[in-house]
Structures are given as C-alpha cells and as structure tokens.
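Notebook open, structure loaded. I want to go through burial, helices, charges and contacts in turn, and jot down what I find.

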Amino acid sequence: MVLTARRKDRIEALAAEINDAGHQATAYALDVTDRAAVDEFATAFRTLAVLVNNAGGALAPTPSPPETPRTGAACTRSTSSAPST
C-alpha cells in the first residue's frame, strides 16, 4: 500500500504502524494541491488497484444545510468546485 500526505513525519509514522502490524506500506510526502507533484507521483506507478482520496481543502466555504426535521440528520454536500478529470 502506498500512503501520501503533506506531512512526511505523520505519514511515515502511519506506515510504520502498518508495517509493524505485519502489512506492507510505503510513505511519500505529497501535496495534492501541487499538480506537477501529483502528475510526477502518478507516473511512478504502473498500475493502480484502489484509490482513496481523502484530501481536504477549503476551496470555497459552503455552509452545511440545517438539520432536516424529518430525519434529524444533517445533510452534507461537496465544497469542491474543481472539475474531475
């Protein structure tokens, strides 16, 4: 498994935990807001079986709607206006 994050120290610590549990993980420092860095990183791998993108960012603040009386659960929506490629 390949792990990325902006903070090298944190992602290396997580990779160490995974490796200590008997699995295999490699850590890379990567800022996903740097398109050139993402492109370079992506070309380093021949195949990609699963991608989990959990990057956060404040592109444009969008408040969450209030709780709905019918369900009592707050609704959420994407705050990203970036086009998918």
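Burial came up before anything else: of the 85 residues in this predicted model, 7% count as buried. I then looked up the exposed area, which is about 7,500 Å². Carbon and sulfur atoms supply 53% of that area.

Next I checked the secondary structure. I find two helices and two strands, and reading along the sequence I get the pattern β-α-β-α. For the contacts, I took those with a separation of 6 or more; residues 24 or more positions apart account for 26% of them.

**Helix H1**

I went to H1, which covers residues 8-20 and so has 13 residues. From its first C-alpha to its last I get 18 Å, close to the 18 Å expected at 1.5 Å a residue. Which residues of H1 are buried? I noted Ile11, Ala15 and Ile18. They cover an arc of only 60° around the axis, which puts them on the same side of H1. Then I turned the helix over: the face away from the buried side carries the exposed residues Arg10, Glu17 and Asp20.

What covers the buried residues of H1? My list includes strand S1 (2-5) and strand S2 (26-29). I also looked just past the end of the helix, where Gly22 takes a positive phi of about 95°.

**Ile11, up close**

I picked Ile11 out of H1 for a separate look. Is Ile11 buried or exposed? Its relative accessibility is 8%, so it counts as buried, the cut-off being under 20%. Leaving out residues up to four places away in sequence, I see Ile11 touch Leu3, Thr4, Ala5, Ala27 and Tyr28. I also took a C-alpha to C-alpha distance to Thr26: the two residues are 15 apart in sequence and 8.9 Å apart in space.

**Salt bridges**

On to the charges. Side chains of opposite charge can pair when their charged atoms come close. How many salt bridges does the structure hold? I count three.

Arg7 pairs with Asp9, and the closest N and O atoms are 3.1 Å apart. I checked the exposure of both partners. Arg7 is partly exposed at 42% relative accessibility, and Asp9 is partly exposed with a relative accessible area of 46%.

Glu12 bridges to Lys8, with the closest N and O atoms 3.9 Å apart. The cut-off is 4 Å, so the pair counts. Where do Glu12 and Lys8 lie? Both are in helix H1, four residues apart, about one turn of the helix. Glu12 is partly exposed, at a relative accessible area of 40%.

Asp39 goes with Arg35, at 3.2 Å between the closest N and O atoms. I placed both in helix H2 (residues 35-42), four residues apart, about one turn of the helix. For exposure I have 38% relative accessible area for Asp39, which is partly exposed. Arg35 has 54% and is exposed, the cut-off for that word being over 50%.

**Nonpolar patch**

I also looked for nonpolar side chains on the surface. Which residues make the nonpolar patch of about 240 Å²? I noted Val2, Tyr28 and Phe45. Val2 sits in strand S1 and is partly exposed, with a relative accessible area of 41%. Tyr28 had already turned up in my notes among the residues that Ile11 touches.

**Loop check**

My last stop was Thr33, in the loop between S2 and H2. Is Thr33 buried or exposed? At 69% relative accessibility, I have Thr33 down as exposed. I then took the distance from Thr33 to Arg6, which is 27 residues away along the chain. Their C-alpha atoms are separated by 9.7 Å.

Conventions:
Residues are numbered from 1 along each chain as its sequence is written. This is a predicted model: local features need pLDDT of at least 70, side-chain atom pairs count only at pLDDT 80 or more; totals for chains, interfaces and linings use all residues. Side-chain values use heavy atoms; hydrogens and water are left out. Buried means under 20% relative accessible area, exposed over 50%, partly exposed in between (1.4 Å probe, protein chains only). Contact means heavy atoms within 4.5 Å. Accessible areas come from the Shrake-Rupley method with a 1.4 Å probe; for residues, only the protein chains shown count as cover. The expected span of a helix is 1.5 Å times one less than its number of residues. The arc is that of the directions from the helix axis to the C-beta atoms. Patches are made of residues with over 30% relative accessible area and no salt bridge: like charges are joined within 9 Å, nonpolar side chains (Val, Leu, Ile, Met, Phe, Trp, Tyr) within 5 Å.
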